[in-house]
Amino acid sequence: MNYLSVENIAKSYGERRLFENLSFGINKDQKVGFVAKNGTGKTSLLNILAGSDSPDDGQVIYRNDIRVAFLSQEPDLDPELTIEQSIFSSENPTLKIVEQYEKALLNPDDADALQKAMDAMEANNAWDFETEFKQILFKLNLEDLQAVVKNLSGGQKKRLALARMLLKKPDFIILDEPTNHLDLDMIEWLEEYFRKQDFTIFMVTHDRYFLERVCNEIIELEDGKLYTYKGNYSYYLDKKEERHQLEATNTDKAQQLYKKELEWMRRQPKARTTKSKSRIEDFHEIKHRASQRRQEHKVQLELNMERLGSKIVELHNISKELGGKQLMKNFSYTFKKGERLGIIGKNGTGKSTFLNMLTGNLNPDTGKIVIGETVKFGYYTQKGIKIKPGQKVVEVIKEFGDYIPLKKGRQISAEQLLERFLFDRKKQYDYVEKLSGGEKKRLYLCTVLIQNPNFLILDEPTNDLDVLTLNVLENFLMDFPGCIIVVSHDRYFMDKITDHLFVFEGKGEVSDFPGNYTDYREYSESKISSEPKTEKKPKENTWRDDSTGSKLTYKEQKEFGKLEKEISKLEKKKEEIQKEFLKELTGDEINETSVKLKSVEDEIEEKTMRYFELMEKMEQ
């Protein structure tokens, strides 16, 4: 069953032609990954498919009876609504029924309204949907339903937009970098969710494991042409390599034929027969094929950076708290030459804080950091680079350096480095404001590398970079002889670049794991599966009702609705108490505040356990 037909569409911005004559179709149950270089119009194509933009030529045709949802990189949300209001403003009619039920739970004294809401839930089979609704919010860490959108971070807004999209239960989903701003646990949950659900998907993502495990087809836009591969990412890589080899063989043959035909052309008199004119036309086609060259952006550089001394970076009993939250506690480590370290952990556990302490932008509360005299940091941050109005691409990079020295007296110029990172000579003289978001990130990366550091620190370098640029960056880093620290949610990238991990586990705990990300996941899963399963004994004052079944009793329904509000209030109370520690307190005041905080934390834990106990009963 065909869901979407794209027929000969084209798009330009001024004189810049993004693409033309693109045609393809998407059928039910296809999960398609779209691969192309930054700046070739990926986001523009998605906007056209979503109806928020229109093509210059051609048309986009959807099947009439399907629901389409679009997750953009910049979510379109009403800033004045709460998370709860944003979700219930979605178009799914089942959500409206759940909303009425949630409102009825807040007024348990109105028994008629509650019974009516429960009857509506029953009649529309909304119980399972409500359970899924709660699970999605929990997995995407959107539990404070009263938080207002305008106060949310960029990551929280992206997760809210993702939740809204999933809860619409669309038939066809268009995704623009869905894994950005998600931590690794969320990404893996979303990956599994998309694998199991019968959505039809068209997505752009730089996450190659996501492409591998979710997609059953890859469409690539290369040199203005579309190539379709009926398989996942591994299949695409294999078949693409076969295609390139075949094209290289055909180009060699064309070159041989071109030489032969060129000799014939030179021998021909000016008067042409009909037969010779036809051969001349063929000659021009052969000439075009023979002159094709595939640019392989493989980086094989022997960098001549300043040599690292015996002392590189030493951490001695580092501790750090922010906002009453312990991020590191008595952590020590000595870096060695050639270290390739990955850093993983949930959002808010202190990964970026650690990098800022390492580079001197933030001081530890206790302990000390010793930096070797020969260390030259290259720090790629998530903030990006400030561009002056009217600057050209090549002018930006030359502010930071003119070349990178190589061994044997050679060098790679700023222009050559830009070429390696897919900025051709024409693009180098474009104004920076014309670049796409991914191209600006690519340029920022080049400004870090041109400074020839011997200790690279990369904080989320893969965000907004296309798959082709990631391959170039990986090849560069594989040749990099200095130390590397990487914070990234891109599991494929981490596996390829790093050989051990710092795992930020929360509450100040940081462990050193000897292996890459896949090794760590396998270790974690084997550890969980090997733990003995113990039967949980019910507590004496259990809240469980004697009744069993897939749905909660009337009394439990009321309790379940109240718990969420109570937990939210307690979390706010906890934050207020934690802020007290930032003030100058006496010893007695510190003890008193600590007791209050412990009491609230215990109450949160107790109510949260009950909340999940009731949720588990609903799932039975």
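**Exercise 1.** Does Asp29 count as buried, partly exposed or exposed, and at what relative accessibility?

Solution. The model is predicted: local features need pLDDT of at least 70, side-chain atom pairs count only at pLDDT 80 or more, and totals for chains, interfaces and linings use all residues. Residues are numbered from 1 along each chain as its sequence is written, and side-chain values use heavy atoms, with hydrogens and water left out.

Step 1. Buried means under 20% relative accessible area, exposed means over 50%, and partly exposed lies in between (1.4 Å probe, protein chains only).
Step 2. Asp29 has 36% relative accessibility, so Asp29 counts as partly exposed.

**Exercise 2.** Find where Asp29 and Lys169 lie, and give phi for each.

Solution.
Step 1. Asp29 is in the loop between strand 2 (16-27) and strand 3 (31-35). Helices (H or I, at least four residues) and strands (E, at least two) are DSSP runs, numbered from the N terminus.
Step 2. Lys169 is in the loop between helix 6 (154-167) and strand 6 (172-176).
Step 3. Phi is near 75 degrees in Asp29 and near 55 degrees in Lys169.
Step 4. Both values are positive, in residues other than glycine. Most residues other than glycine have a negative phi.

**Exercise 3.** Classify Lys169 and Glu576 by relative accessibility.

Solution.
Step 1. Lys169, at 21%, counts as partly exposed.
Step 2. Glu576, in helix 18 (residues 554-580), has a relative accessible area of 51% and is therefore exposed.

**Exercise 4.** What percentage of the residues in the chain is buried?

Solution. Of the 620 residues in the chain, 47% are buried.
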